Amino acid sequence: MTVLQWLTAAMPLLSVFMLLVLLRMPARRAMPISLLVCTLLAYLVWQMPAVQLAAAAAEGLVIAATILWIVFGAILLLNVLQQTGAIDVIKAGFGAISPDKRVQLIIIAWLFGSFLEGAAGFGTPAAIAAPLLVALGFTPLSAVVLALVADSSAVSFGAVGTPVLVGIAQGVPGIAVDEVLQVALTAISIDIAVASWLPLLMVVMLTRFFSAKRSWRDGLAIAPFALLSGLAFTVPAYLVALLLGPEFPSVLGALIGLAVVCTAARYRVLLPARPWLFASSPADTLPRENSPAEQPAPSGFVSTPSMPLWRAWLPYVLVAALLVLSRMPGLPLKQSLQQLAWQWPAIFGTELSVSVSPLYLPGTLFVLVAIVSCFLLRGSSSMLWASCRHSGRMLLPSAIALAGAVPMVRIFLQSDVNGAGLPAMPLALAAEAARYLADSWLWFAPFVGALGSFIAGSATFSNLMFGSFQQAMAAEAGLAPTLVLALQMLGANAGNMICVVNVVAAASVVNLQGREGDIIRYTLWPMLFYCVAASSVAWLLFV
């Protein structure tokens, strides 16, 4: 590639990094600018036909609409819980388990988020976990950053195993079923040594960057409990993958982890004597919002409002049940929900097409549960209508950002149709890197997976896009293909932390539009840790 072609292929990454991270431009401005620049370069340098550009952008707008629907449903559900007082009951319930905010972070973001990732994927965990953390007193910036960091390891088997069963199985031509399973087991075995540290990393980030005291020590003080929490998910997930296959490691691993960690927290196993609470002036105080006040540590029984705790949690139980039941391939509910589908084949006469099953989208399930919950929680139609209005008003900045980000991503991915005789831009970037890095590919394989998730917003698509490339690079570097593909999976997990689409969606749920660059600046370092640690463990144990 020429220098100009290389810059064109890298422009989606460079523009996002420059505008969001360096210039701190809000996504509602940065993403339309990035879309315009990338479209012009794709047309002039990559020589993509105008009709292909238009079709890819149209495909992106449809996908953006489905993401907005998920965001709307998540916001609506939270607003209903706030209107009916259920959130206050949930907050009191967590106080009964543990008033320690570090423990609450681990339970909600790491374990409950992993369960949601295993059941639904596609940005659902952060959209649910982040606002729940805010309701518990976390500031929006800390809630979004830590929810995104937590939504990583479980991605390997997210959406009932889709990154493995679709991403690896279909992204690597000729790969056998037993090889697919071996890739998955290799990935989760590496993850036991890597992802088990993520809860500790999260609590250290919480106490160092998102508290008035800015203390490393407060996070490290809970290290034994945090490591227990990490292993309580990764070890059961490995056993489930070994015994049952790739569909349910994240779902069952998270459920087992929740049982272990909640029990340990209730009986204060491995916990410091004094719980950690928020100070009165959190470090990430934002304009237009009230900082969470310091909360006194409850002693003994925590008084709750009149609503019983089980009823307050019922909406989340319904969401979790519907997500699992609607994603299990053996049940008729999945087929029934997918039967109603809107399709746009041969967009503008190209080979591109898009299909949406509105009843199958997580957003539809969120909206349905929100409506039902309003009456189960003894709310009123006026409460529901007020929640709908408030949720709708919050979507406009996110709609603008996603309408720029997702079409840009689709142009990047669909750029294989061009007059310059070049491959699609991501493959061109990967091939260019391979020319110089083949001898050290063990250390760079995860970053290719992260690149795919960062741009595409999906670990499944990253595995589909780069699976065959990683297999070829394994042969070139003299490495086992299963090991390199496992690193591709783990890198795709890491890229989920900084994925633009996920960042915009999670930020919009907690009304944090305009701070997307700040979010990526925080999640970039955990992403780098994940990739480097995965390669390090692979080098120590498998090479």
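How many helices and strands does the protein have? I count 24 helices and 2 strands, taken as DSSP runs numbered from the N terminus (helices H or I, at least four residues; strands E, at least two).

The model is predicted: local features need pLDDT of at least 70, side-chain atom pairs count only at pLDDT 80 or more, and totals for chains, interfaces and linings use all residues. Residues are numbered from 1 along each chain as its sequence is written, and side-chain values use heavy atoms, with hydrogens and water left out.

Overall size. I looked up the C-alpha trace, which spans about 70 × 55 × 50 Å along its principal axes. The radius of gyration is 22 Å, which agrees with the value near 24 Å for a compact globule of 543 residues. That radius is taken over C-alpha atoms, and the globule rule is 2.2 Å times the number of residues to the power 0.38.

Burial. I find 59% of the 543 residues buried, where buried means under 20% relative accessible area (1.4 Å probe, protein chains only).

Helix α4. I checked residues 86–97: the end C-alpha atoms are 17 Å apart, against an expected 16 Å for 12 residues at 1.5 Å a residue, which agrees. The expected span is 1.5 Å times one less than the number of residues. Because 9 of its 12 residues are buried, α4 is largely enclosed by the rest of the structure. Among the buried ones I note I87, I90, F94 and I97. Their cover in α4 includes α3 (50–84), α5 (101–119), α6 (124–135), α13 (249–266) and α14 (309–327), by contact, meaning heavy atoms within 4.5 Å.

Note on methods:
Buried < 20%, exposed > 50% of the residue type's maximum accessible area, 1.4 Å probe, protein only.
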